[in-house]
Amino acid sequence: MTKFFSVAVMSLVANICFADGNRLPNLVPPIVKQECASCHTLYPPAFLPVDSWKRIMAGLEKHYGTDASVDAKTNLAITQWLTQYGGTYKGVAGAPPNDRITESPWFIKKHNGVSASVWKNPKIKSASNCTACHTAANDGIHEDDSIKIPK
């Protein structure tokens with residue numbers, strides 16, 4: 001029983017620790033994976049502030065040029081998860097232009113050494129294609145040690 005309690009507490013602490021940072025929370029609801037990751041990388045909610053996630057989820061019919069609408073129940077479930085783990089640390093204190101992760105100050109600062117030619121690489125295509133360079137992005141890990149820039 002003590003071992004079970006210890007594991008449960010450690011899991012909870014890990015979830016809290018990863019809520020703000022460059023990893024996904026440990027528990028990602030299947031509906032989030034199904035709806036979000038079917039079209040793009042599953043971005044950690046901490047990459048944007050809560051208000052950005054609310055606007056994004058309220059405008060899925062115009063989701064960056066695509067209709068990503070979902071039914072009300074699904075929208076509510078995804079919105080609740082995103083806002084539960086949305087960014088609260090200094091780097092995401094304000095919403096970036098157009099609620100785009102790639103236009104946020106922390107993203108720009110973190111990628112300031114990346115030349116324009118790298119973003120134009122046909123294997124990368126855009127700054128929003130995290131998986132092109134962050135080899136563990138599909139697992140929700142965007143750490144520097146998982147970077148491999150394609151040639």
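**Group meeting: a walk through a six-helix model**

Val50 has its place in helix 3, and I will start there. Before going on, a caution: this is a predicted model, and what I quote is computed from it.

Val50 and Leu82 are 32 residues apart in sequence, yet 7.3 Å apart in space, C-alpha to C-alpha. If we leave aside neighbours within four places in sequence, Val50 is in contact with Thr83, Gly86 and Gly87.

Now the chain as a whole. It has six helices and zero strands. Read along the sequence, the pattern is α-α-α-α-α-α. The chain has 151 residues, and 34% of them count as buried. How much of the contact count comes from residues 24 or more positions apart? Among contacts with a separation of 6 or more, such residues account for 57%.

Back to helix 3. Its residues Ser52, Trp53, Ile56 and Met57 are buried. Seen down the helix axis, the buried residues of helix 3 fall within an arc of 130°, so they line one face of the helix. What do they pack against? The buried residues of helix 3 pack against helix 4.

Take one of these residues, Ser52, which is in helix 3. Its relative accessible area is 0%, and since buried means under 20%, Ser52 is buried. Apart from neighbours within four places in sequence, Ser52 is in contact with Ala95, Pro96 and Asp99.

Asp99 brings us to the loop between helix 4 and helix 5, where it is found. Asn98 is found in that loop too. Asn98 has a positive phi of about 60° although it is not a glycine. Asp99 also has a positive phi, about 55°, and is not a glycine either. Are these two buried or exposed? Asn98 has a relative accessible area of 56%, which is over the 50% cut-off, so it is exposed. Asp99 has a relative accessible area of 10%, under the 20% cut-off, and therefore counts as buried.

Next, the aromatic residues. The count comes to four aromatic pairs. One of them is formed by Phe47 and Trp106, 4.8 Å centre to centre, with 55° between the planes, and this pair is tilted. It links distant parts of the chain: Phe47 sits in the loop between helix 2 (30-36) and helix 3 (50-58), while Trp106 is in helix 5 (residues 105-110), 59 residues apart. Both Phe47 and Trp106 are buried. Which residues make up the aromatic cluster? Phe47, Trp106, Phe107 and Trp119 form one cluster.

Now to pockets. Rolling a probe the size of a water molecule over the atoms shows where empty space is left. The largest pocket has a volume of about 710 Å³. Its lining is made up of 28 residues, and those nearest its centre are His40, Tyr43, Ile56, His63 and Tyr64. Ile56 is also one of the buried residues of helix 3. Helix 2, helix 3 and helix 4 (72-85) each supply at least two residues of this lining. Which helix gives the largest share? Helix 3 does, with three residues. By type, the lining of the largest pocket divides into 15 nonpolar, nine polar and four charged residues.

The second largest pocket has a volume of about 370 Å³. It is lined by 22 residues, and the closest to its centre are Phe107, Lys110, His111, His134 and Ile147. Phe107 was named a moment ago as part of the aromatic cluster. Here the largest share of the lining, three residues, comes from helix 5. The lining of the second largest pocket divides into 13 nonpolar, seven polar and two charged residues.

His111 is the last residue on my list. It is found in the loop between helix 5 and helix 6 (116-120). Why does His111 count as buried? Its relative accessibility is 17%, and buried means under 20%, so His111 counts as buried. Leaving aside neighbours within four places in sequence, His111 is in contact with Trp119 and His134. Trp119 belongs to the aromatic cluster, and His134 is among the residues closest to the centre of the second largest pocket.

Methods
Residues are numbered from 1 along each chain as its sequence is written. This is a predicted model: local features need pLDDT of at least 70, side-chain atom pairs count only at pLDDT 80 or more; totals for chains, interfaces and linings use all residues. Side-chain values use heavy atoms; hydrogens and water are left out. Rings of Phe, Tyr and Trp (its six-membered ring) pair if their centres lie within 6.5 Å; planes under 30 degrees apart count as stacked, over 60 as edge-to-face and the rest as tilted. Helices (H or I, at least four residues) and strands (E, at least two) are DSSP runs, numbered from the N terminus. Buried means under 20% relative accessible area, exposed over 50%, partly exposed in between (1.4 Å probe, protein chains only). On a 1 Å grid over the protein atoms alone, a cavity is a set of points where a 1.4 Å probe fits but cannot get out, and a pocket is an open set with protein on both sides within 12 Å along at least five of seven lines; lining residues have an atom within 4 Å of a point. Grid points are joined across faces, edges and corners, and a volume is the space filled by probe spheres set on the points. Ala, Val, Leu, Ile, Met, Phe, Trp, Tyr, Cys and Pro count as nonpolar, Asp, Glu, Lys and Arg as charged, and the others, Gly among them, as polar. The arc is that of the directions from the helix axis to the C-beta atoms. Contact means heavy atoms within 4.5 Å.
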